Number of protein chains: 2
Amino acid sequence: MDTTWAHQLREAGLRVTRPRLSVLGVLADHPHADAETIVNGAREQHPSLSPQAVYGVLKAFVAAGIARRIEPAGAPALFELRVGDNHHHLVCRSCGAVADVDCTVGAAPCLIPSDTAGFVIDEAEVVFWGLCRQCQDRARQVAAGAEAVQYEQQEIRGGARA
Amino acid sequence: MDTTWAHQLREAGLRVTRPRLSVLGVLADHPHADAETIVNGAREQHPSLSPQAVYGVLKAFVAAGIARRIEPAGAPALFELRVGDNHHHLVCRSCGAVADVDCTVGAAPCLIPSDTAGFVIDEAEVVFWGLCRQCQDRARQVAAGAEAVQYEQQEIRGGARA
DNA sequence: ACCCTTTTCTTGACTGGGTCAAGAAAAGGA
DNA sequence: TCCTTTTCTTGACCCAGTCAAGAAAAGGGT
């Protein structure tokens with residue numbers, strides 16, 4: 001698979017280097033990784049790798065079109081190898097988890113506004129904001145916990161004890 | 001109109017202060033202003049206003065629901081008073097200009113993905129990326145200029161001169 | 001296999017956009 | 001008016017990322 005990635009890099013007109021292969025590896029394992037995750041992951045194969053090198057690698061990937069950068073509001077940028085299919089993203093407001101959503105159209109721009117205000121549009125970026133399953137569960141537990149606490153406090157205030 | 005804004009602030013449960021009124025004024029004049037623009041604008045009415053005060057005011061506005069914060073990738077955050085109608089944005093890739101697009105649905109989330117991956121979705125944020133009219137014109141001019149230069153160079157290379 | 005040019009990585013300084021914290025000032029209800 | 005609470009000022013600090021200069025590595029030509 002290193003071979004495959006080396007091939008991909010050459011196809012994209014990029015030299016094949018260890019930092020680049022490591023970053024590709026991390027990106028394959030973590031489909032929506034931020035720079036920090038990538039640095040940590042890549043260091044397993046290349047311990048001396050610097051953050052700046054990773055920023056450089058990622059910028060080269062994005063410029064070459066083999067990676068895409070997404071920037072959900074309020075979070076560091078994320079990078080993904082899935083490119084060219086104009087898919088969209090679900091983002092968890094609570095934990096920041098990201099999931100892909102296939103675009104039903106598949107080609108950019110998949111949506112066109114009624115009034116373009118004179119703009120020429122080349123892409124419609126869609127972010128669906130919500131709560132991932134884990135965070136829904138956690139919220140339910142917290143709510144239940146709060147209820148229990150309320151109940152206890154009521155009992156204590158009332159003076160009754162089981 | 002100061003009166004109106006004061007009223008709006010009170011409605012939102014916020015105290016009426018000069019910094020807040022100034023920021024509201026700037027936001028009314030610049031419907032998609034970044035923090036710096038707001039600081040500069042607000043200082044016309046309140047010269048000693050600090051950037052931190054503006055950040056605080058904006059945070060209070062967003063928390064109170066009288067302003068909305070948008071963060072187009074690669075640009076500082078923008079603030080707008082138009083709130084609660086779930087509209088979307090056109091953003092110019094070249095100059096960063098922003099225009100509003102009415103949402104045909106009007107209530108969030110206006111879009112729902114086919115596969116929610118277990119997420120509960122409360123909002124679909126849509127950003128249309130493109131080129132505003134000015135930047136289209138400028139791009140055309142540059143292209144025309146580049147052609148002219150190419151032509152000259154060809155003539156020079158070929159040795160011919162008019 | 002080796003050299004040479006070009007690209008890439010390392011190191012380290014620096015920036016932009018913003019947050020956090022403590023005390024001073026102002027808002028507005030009793 | 002006084003008093004409490006909120007808000008603003010001042011200044012330190014932080015995160016994510018960029019810029020620049022030199023060292024190292026890639027890979028084409030011989």
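Which polar side-chain atom lies 2.7 Å from a phosphate oxygen of DNA strand D? I found that one in R20(B). I count a polar contact as a pair of N or O atoms within 3.5 Å; within protein, one must be able to donate a hydrogen and the other to accept it, and residues adjacent in sequence count only if both atoms are side-chain atoms.

**Ground rules**

I am working with a predicted model, where local features need pLDDT of at least 70, side-chain atom pairs count only at pLDDT 80 or more, and totals for chains, interfaces and linings use all residues. Residues are numbered from 1 along each chain as its sequence is written, chains are lettered from A and ligands numbered from 1 in the order in which they are written, and side-chain values use heavy atoms, with hydrogens and water left out.

**Entry: DNA strand D**

I looked up the neighbours of DNA strand D and got 20 residues around it, taking a residue as near if one of its heavy atoms lies within 4 Å. The closest are V16(A), R15(B), T17(B), R20(B) and A53(B). Of the strand D atoms that come within 4 Å of the protein, 65% belong to sugar and phosphate.

I then noted two phosphate contacts from chain A. The backbone of A77(A) has an N or O atom 3.1 Å from a phosphate oxygen of strand D. The side chain of R69(A) places an N or O atom 3.4 Å from a phosphate oxygen of that strand.

Which elements supply this surface? α4 of chain A, together with α2 (18–29) and α4 of chain B, each give at least two residues. The biggest share, three residues, is from α4(B). For these labels, helices (H or I, at least four residues) and strands (E, at least two) are DSSP runs, numbered from the N terminus.

By class I get nine nonpolar, seven polar and four charged residues near strand D. Here Ala, Val, Leu, Ile, Met, Phe, Trp, Tyr, Cys and Pro count as nonpolar, Asp, Glu, Lys and Arg as charged, and the others, Gly among them, as polar.

**Entry: DNA strand C**

On to DNA strand C, which has 19 residues around it; the closest are R15(A), T17(A), R20(A), A53(A) and R15(B). Sugar and phosphate make up 67% of the strand C atoms that come within 4 Å of the protein.

Where does R15(B) make its polar contact? An N or O atom of its side chain is 3.0 Å from a base nitrogen of strand C. T17(A) goes to the backbone of the DNA, with a side-chain N or O atom 2.7 Å from a phosphate oxygen. A polar backbone atom of A77(B) is 3.2 Å from a phosphate oxygen of strand C.

The surface near strand C draws at least two residues from each of α2 (18–29) and α4 (51–64) of chain A and α4 (51–64) of chain B. I sorted that surface into eight nonpolar, six polar and five charged residues.

**Entry: the two copies**

I laid chain B on chain A and got an RMSD of 0.1 Å, with a turn of 180° and a shift of 0.0 Å along the axis. That is the relation of a two-fold axis. The fit is by least squares on the C-alpha atoms of residues with pLDDT of at least 70 in both copies. In chain B, V126(B) comes closest to the axis, at 2.3 Å for its C-alpha.

**Entry: sheets**

I followed an open, mixed sheet of six strands in the order β5(A)-β4(A)-β6(A)-β6(B)-β4(B)-β5(B). β5 (98–101) of each chain stands at an edge with a single partner strand, so one side of each has no neighbour in the sheet. Strands count as paired if DSSP finds at least two bridges between them.

Between the chains, eleven bridges join β6 (residues 120–131) of chain A to β6 (residues 120–131) of chain B, running antiparallel. I checked one position: A124(A) has F128(B) as its bridge partner.
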